[in-house]
Amino acid sequence: MRAVRPISLVLLLVLAAPLAACSGQPGAHAWAAVVCTTLSPWRSEIDTLTSRTQQQMTAETTPGQAKENLARLFDGAATASETAREGVEEAGVPDVTNGKAIADGFLASLAGIRDAYGHARTGIEALSTAPPQNFYTEVGKVVAQLTTDYERSSLDTTKLESVELRQAFDSLPECQ
């Protein structure tokens with residue numbers, strides 16, 4: 001009976017080592033690929049919505065139409081940002097130094113962007129459309145606040161640097 005215990009212990013140790021190596025955290029390349037694949041359609045959607053917002057600001061529409069269109073655009077941007085945040089969250093934590101802080105930074109940035117668009121939507125919805133000149137002046141203020149909030153939520157990569165992730169982001173076709 002005593003001979004079985006050391007063999008069982010050795011087997012346990014031999015099997016545990018490879019299992020411990022499989023921490024469930026994706027490597028730098030795998031994580032970067034998922035993040036880039038998630039963020040690519042989000043960037044395209046945000047670019048499209050930004051272009052539409054700029055067009056809306058200069059279009060000849062009634063204040064009521066402009067209000068409805070801008071609220072819809074900002075809602076779409078908030079939804080797209082939340083979808084991107086969920087995708088990055090599903091990517092997990094990269095298996096790199098400070099991986100959790102890096103993943104958390106991405107998530108916080110996307111949540112901030114989502115919230116910025118949500119606040120802009122709420123701000124637009126709260127505006128009175130009469131008189132028209134006041135409406136457009138107030139729209140300008142909402143858009144200026146959106147810009148400020150958006151910039152405030154940008155990811156500070158100087159504090160979240162990872163050589164492995166930088167190489168992955170620079171080398172993967174999904175990230176180009």
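Is Arg114 buried, partly exposed or exposed, and at what relative accessibility? I looked it up in this predicted model. Arg114 comes out at 23% relative accessibility, so I log this residue as partly exposed.

**Entry: Arg114 and its partners**

I went through the salt bridges next. The structure holds 10 of them. I started with Glu82, which forms a salt bridge with Arg114. The closest N and O atoms of that pair are 2.6 Å apart. I then checked where the two residues sit. Glu82 is in helix α3, residues 63-91. Arg114 is in helix α4, residues 99-125. The two are 32 residues apart, and the pair links distant parts of the chain.

I looked up the accessibility of Glu82 too. The value is 19%. Buried means under 20%, so Glu82 counts as buried. Its partner Arg114, at 23%, counts as partly exposed.

Arg114 has another entry in my list. Arg114 also forms a salt bridge with Asp115, with the closest N and O atoms 2.9 Å apart. I have Asp115 down as partly exposed, at 34% relative accessibility.

Which residues are linked with Arg114 in a network of salt bridges? I noted Glu82, Arg85, Glu89 and Asp115 alongside Arg114.

**Entry: a pair within helix α6**

I moved on to Arg166. This residue forms a salt bridge with Asp170. Here the closest N and O atoms are 3.9 Å apart. The cut-off is within 4 Å, so I keep the pair.

Why are Arg166 and Asp170 separated by about one helical turn? Both are in helix α6, residues 163-171, and they are four residues apart. I also checked the exposure of Arg166. Its relative accessible area is 36%, so I wrote down partly exposed.

**Entry: the disulfide**

I turned to the cysteines. How many disulfides does the count come to? The count is one. Cys36 and Cys175 form the disulfide, and their sulfur atoms are 2.0 Å apart. This pair links distant parts of the chain, 139 residues apart. I find Cys36 in helix α2, residues 28-58. Cys175 is in the segment after α6.

I looked up the handedness as well. The torsion about the S-S bond of Cys36 and Cys175 is about 105 degrees, so the disulfide is right-handed.

Last, I checked whether Cys36 is buried or exposed. Cys36 has a relative accessible area of 4%, so I log this cysteine as buried.

Notes. Residues numbered from 1 in each chain as written. Predicted model: local features only at pLDDT ≥ 70, side-chain atom pairs only at ≥ 80, totals over all residues. Heavy atoms only, no water. Salt bridge = Lys/Arg side-chain N within 4 Å of Asp/Glu carboxyl O. Buried < 20%, exposed > 50% of the residue type's maximum accessible area, 1.4 Å probe, protein only. Disulfide = S-S within 2.5 Å.
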